[in-house]
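Biologist: Can you pull up the model so we can go through a few spots?

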Amino acid sequence: MLDIDFIRKNPSEFDNALKSRNVESISKRIIKIDEEKRNTQTILQNILAEKNLLSKKIGIGKSKKENVDSEIKKVEKLNNEISSLKELEKIKIDELTAILNRIPNIPAKDVPIGDNENDNIEYKKYGNKPKFNFIPKKHFELGENLNLMNFELSSKLSGSRFVVLKGIMSKLERAIATFMLDKHTLENGYTEISVPFLVKDSSLYGTGQLPKFAEDLFTAGENHWLIPTAEVPLTNLVREQILLENELPSRFTAYTPCFRSEAGAAGKDTRGMLRQHQFTKVELVSVTTPDQSEKELERMLNSAESILRDLEIHYRIVTLCTGDMGFAAKKTYDIEVWLPGENAYREISSCSNCGDFQSRRMNTKIKKDNKNIYAHTLNGSGLAVGRTLIAILENYQTQDGNVLIPECLQKYFDNKKTLI
RNA sequence: GGAGAGAUGGCUGAGCGGUUGAAAGCACCGGUCUUGAAAACCGGCAACGAGGCAACUCGUUCGUGAGUUCGAAUCUCACUCUCUCCGCCA
């Protein structure tokens, strides 16, 4: 949710920002409805003031046993006007929020302008592509050959875009998650939270998935949705609260399954476990004051990177351009991990500063100098566990089809050095 | 699933038709005192919106939504959530 006051005062800046995000310019329409709303409110409030005054008079008059019939008649007349003005006001408010709800965040000033992922800008790189003296296999070839990854079974159970992992492969997934949680809680200063995987509309509205992106989500029963990311429950932890400045920043992490319908991704990455309806992820969320959020984004990125550095896997980081950013984000870094089997970089983490966009929707404030200001929220993957598993398989594979266990994970495997 | 109780400001908690946006306490902020701190004392302290250059004025809000009334935190109805007891269950 954007600040209507900002739109009122900076209509052309607002329109330009939307244009850079491939959204049509609508400041004129917004300002017009907003004016109508405020005009209605001004008239309505004057009448309400008049009514309140009369009611007070009636109260005093009655206690003195005076005749107040004419006052009562006046109020009855006013009540008719009030109800129709209230209706009009509601129409205008609904009209306005319907538009504002679906407008994405304004990009930060240092975000590159562009249309799509081709305009993203490389921010930094870590390590080098590994060299193989054989042709590296893709993760699903490795997994299926080892009989530890099965897509026929999962399709029997649940259809396409699922996977069944077995034995040591299943344990690898668990070890990766444990390693990430240990790292983030012990070294990176995040508090581990165990959260619900089902949430209400209002939570998804708060983080920005609803109302615009309902088709990307799975529903569960009448009143619940499956979380598409732990960002939703973690960020909503601070909804409808006034936080104290000296308790910030809050840093939360959670290991959860994520459920996505992948509605618009038909035919994309259909083989393997790169793009699934269900996957697990360790999520990072920070809540800060506005002046700290830029710094916090760099810190969060570094926390996410620390996992891949420990795993000694090559990656690069790109700054997403305006056209490629998510709805709630002001600025986003993607970490793209190198996959030798794919011979490509693939997204493994996305770290975003949402500014006050989500906190406006959630009504999360900070008491600062005796004033209440909107908090800033950030979220990032730290990291997607399934894709990390893919990255380990492809980067640590050996010629005989086995996989080396990265050193930082060996303690979870009784110091074993290879998967089998 | 059955029975009962409740939802008030950052927190605790009074109010149960008419200057009650709401007592009191805690927390917080400012001041006096103190070498400094604490204590004590004095003062301030809800949010959101509309209007105004501003001092300020007005409106809305006591879980949510409707209703009764000239007037609702207070009465009625529905819903949501929380707590206690019983049953069932990982």
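Modeller: Below are some notes on one strand residue, one helix pair and the cysteines. This is a predicted model, where local features need pLDDT of at least 70, side-chain atom pairs count only at pLDDT 80 or more, and totals for chains, interfaces and linings use all residues. Residues are numbered from 1 along each chain as its sequence is written, and side-chain values use heavy atoms, with hydrogens and water left out.

Biologist: Is Ile-366 buried or exposed?

Modeller: Ile-366 counts as buried because its relative accessibility is 0% (buried is under 20% relative accessible area, exposed over 50%, partly exposed in between, with a 1.4 Å probe and protein chains only).

Biologist: What does Ile-366 contact beyond its neighbours within four places in sequence?

Modeller: Its partners include Ile-242, Leu-248, Thr-288 and Ile-373, contact being heavy atoms within 4.5 Å. Ile-242 is 124 residues away in sequence, yet the C-alpha atoms of Ile-366 and Ile-242 are 5.2 Å apart.

Biologist: Switching topic, how many disulfides are there?

Modeller: The structure has 0 disulfides, a disulfide being a pair of cysteine sulfur atoms within 2.5 Å. For Cys-321, the nearest cysteine sulfur belongs to Cys-354, 17 Å away.

Biologist: And which cysteine sulfur is nearest to that of Cys-408?

Modeller: That of Cys-351, at 18 Å, and Cys-408 is in no disulfide.

Biologist: Why do Cys-321 and Cys-408 count as buried?

Modeller: Cys-321 counts as buried because its relative accessibility is 0%. Cys-408 counts as buried because its value is 16%.

Methods
Chains are lettered from A and ligands numbered from 1 in the order in which they are written.
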